[in-house]
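This report walks through one protein model part by part. Look at the sequence and the structure first, then read on.

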Amino acid sequence: MARISVFGIGYVGVVSAACLARDGHQVVAVDLDPEKVRAVNEGRSPIVEKGLDELLERMVAEGRLRATTDAAEAVAATDASFVCVGTPSAPDGSVGLDYVRGACESIGRAVKAKGDFHSVIVRSTIVPGTMTGTCIPALEQASGLEAGEGFGVGYFPEFLRESTAIEDYDDPGLIVYGSMDDRTTAILKELNDHLPCESHLVDVTTAEMVKYTSNSWRAVKITFANEIGNIAKACGLDGQQVMRMLCSDSKVAMSPAFLRPGFAFGGSCLPKDVRALRALARTKGLEAPLLHSVLEANEQQISRAEEMVRASGKTSVGFVGISFKAGTDDLRESPLAELASRLIEGGHEVRIYDPYVAIAFRDAASANRGNAVVPDLSKRIETSIEDLIQGSEILLVGNNYEEAREPLLGAVGQQPIVDLTRLDRSVRSNGTYQGICW
Ligand SMILES: NC(=O)c1ccc[n+]([C@@H]2O[C@H](COP(=O)([O-])OP(=O)(O)OC[C@H]3O[C@@H](n4cnc5c(N)ncnc54)[C@H](O)[C@@H]3O)[C@@H](O)[C@H]2O)c1
């Protein structure tokens, strides 16, 4: 069992402290606010949260949890510190790091005075790069020690929801943490391995990003449901009933499908249907700002890919895929066709490998398959992937074709590649290989 100090007796800190004590750990809670410290030491919860009053009273009475304002004393009495202080918005909307910096400085000074290894595990919500750019420098400067050597470092975001905080602590939907040393990893494993949820061990910056992704995703879901509800009501419908139907689709709508970062959406349905729903909303006097920004963001993803090709300085581009997805010859509103047309207009020479579109042209010379934007499409088709690779200065991977994968992987590192689909999970942007979101 571990000895843990919890910095910050707020919503996150006090729940963590009480649950850690209940699970058999020896816990010291720390806060700058003497009132909160007094409340805990008297067995009273400083916040309203289901089940917390009873738990806190029992833990304090059994001597497993106490509170103090003295950071040095708390660090000296424990093996690891959790940082659960607030990160309110700064006036410009960026994350406010004053409390986190302050807590790291006082823990750093206390670690120096302790003269023994101590793990510092941040739980506050902090933007990617804060551990390496703010927390670790503050700890190193205050302690005079090196992170990972003289003291341990971890980032372990909290996902609990107020009002069900204790239930969420015991049955979390996601556990992710990053650590810079084995001793901190061992503590995080000990605290989490008994829980009914897989633990993901990643680097600290990825863990920081996962927390923001989770909160932003929840915000987007709420806003989407509200926007649909508003449009439904304006049509005389029950918006909650509509969303219930959508949520019953665990195969597509409520599954990981379409949640893989990559290129823009297109095809004969999504763009026209989002446009139509937005237009319908307008006729009902509604703005539908989320649907509006969906189309705008999609457009920007095409521009982003265009810029990646332009930035290479190469003029002859080999497209792998031109239809709106692999396995079809459908070119209607294909974002790859739009991208090709913009590059051609900008003076690039574009050749295309797309086996499905090639079949369409072979079987019917006049085949168009909805292409409205790429000039001389049939003359640009290359039937051999090897010829496309050899004849292009830069390759643009837009669709995945099984037979093209090995030759393209062989070209990674050999010639410039812009990858919009991800040829392989092991490849990341590096040198001449650029993945659009990885
Ligand atoms: N509230 C939630 O539901 C929730 C859920 C997940 C994550 N988070 C994140 O967890 C963090 C804490 O949130 P909260 O709602 O518990 O905050 P809070 O404002 O309720 O509590 C923060 C506490 O930290 C104390 N504090 C500030 N500086 C300190 C220092 N140097 N030493 C000791 N104590 C110090 C404050 O006095 C305060 O009591 C935030 O980053 C938040 O975004 C919150």
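## Helix H17 and the rest of the model

On one side of helix H17, the exposed residues are Glu402, Glu406 and Gly410. The model is a predicted one. Which residues of helix H17 are buried? They are Ala404, Leu408 and Ala411, in a helix that runs over residues 402–411. These three lie on the same side of H17, because they cover an arc of only 45° around the axis. Their packing partners are strand E9 (316–320), strand E10 (349–353), helix H16 (385–391), strand E11 (394–397) and strand E12 (417–419). Just after H17 comes glycine 413, which has a positive phi of about 90°.

**Positive phi outside glycine**

Most residues other than glycine have a negative phi. Two residues in this model depart from that pattern: serine 163, with a positive phi near 90°, and phenylalanine 258, with a positive phi of about 70°. The table gives the place of each in the chain.

| Residue | Phi | Loop between |
|---|---|---|
| Serine 163 | near 90° | strand E6 (152–155) and helix H7 (165–170) |
| Phenylalanine 258 | about 70° | helix H10 (239–247) and helix H11 (270–283) |

Is serine 163 buried or exposed? Serine 163 counts as exposed because it has 10 C-beta neighbours inside 10 Å, and the cut-off for exposed is 12 or fewer. Phenylalanine 258 also has 10 C-beta neighbours inside 10 Å, so it counts as exposed.

**Domains and cores**

The protein is divided into domain 1, residues 3–203, and domain 2, residues 299–435. Taken over C-alpha atoms, the centres of domain 1 and domain 2 are 49 Å apart.

The largest nonpolar core has 64 residues, and those that touch the most other members are Ala18, Ala29, Val83 and Ile107. Helix H1 gives the most to this core, with nine residues. Alanine 29 has contacts with Val6, Ile9, Gly13, Val14, Ala17, Val40, Leu65 and Ala67, leaving aside residues up to four places away in sequence. There is also a second, separate core of 37 residues, and among its members are Leu343, Val350, Ile352 and Val418.

**Alanine 71**

Alanine 71 is found in helix H4, which covers residues 71–76. How many other C-beta atoms lie within 10 Å of alanine 71? There are 24, so alanine 71 is buried; the cut-off for buried is 20 or more. Not counting residues up to four places away in sequence, alanine 71 touches Val30, Ser106, Ile107 and Ala110. Ile107 was named above as one of the core residues that touch the most other members. Alanine 71 and valine 6 are 65 residues apart along the chain, while their C-alpha atoms are separated by 9.8 Å.

**The shell around the ligand**

The ligand is surrounded by 25 residues, and the closest are Gly8, Gly10, Gly86, Ser124 and Thr125. By type, the shell divides into eleven nonpolar, nine polar and five charged residues. Helix H1, residues 11–22, and helix H5, residues 98–114, each supply at least two residues of this shell. Which of the elements gives the most to the shell? H5 does, with four residues. Helix H1 thus appears twice in this report: in the shell around the ligand and in the largest nonpolar core.

Conventions:
Residues numbered from 1 in each chain as written. Predicted model: local features only at pLDDT ≥ 70, side-chain atom pairs only at ≥ 80, totals over all residues. Near = placed C-beta within 6 Å. Nonpolar A, V, L, I, M, F, W, Y, C, P; charged D, E, K, R; others polar. Arc of directions from axis to C-beta. Contact = placed C-beta atoms within 7 Å. Domains from an automatic or database assignment. Core = buried A, V, L, I, M, F, W, Y, C linked by C-beta atoms within 7 Å.
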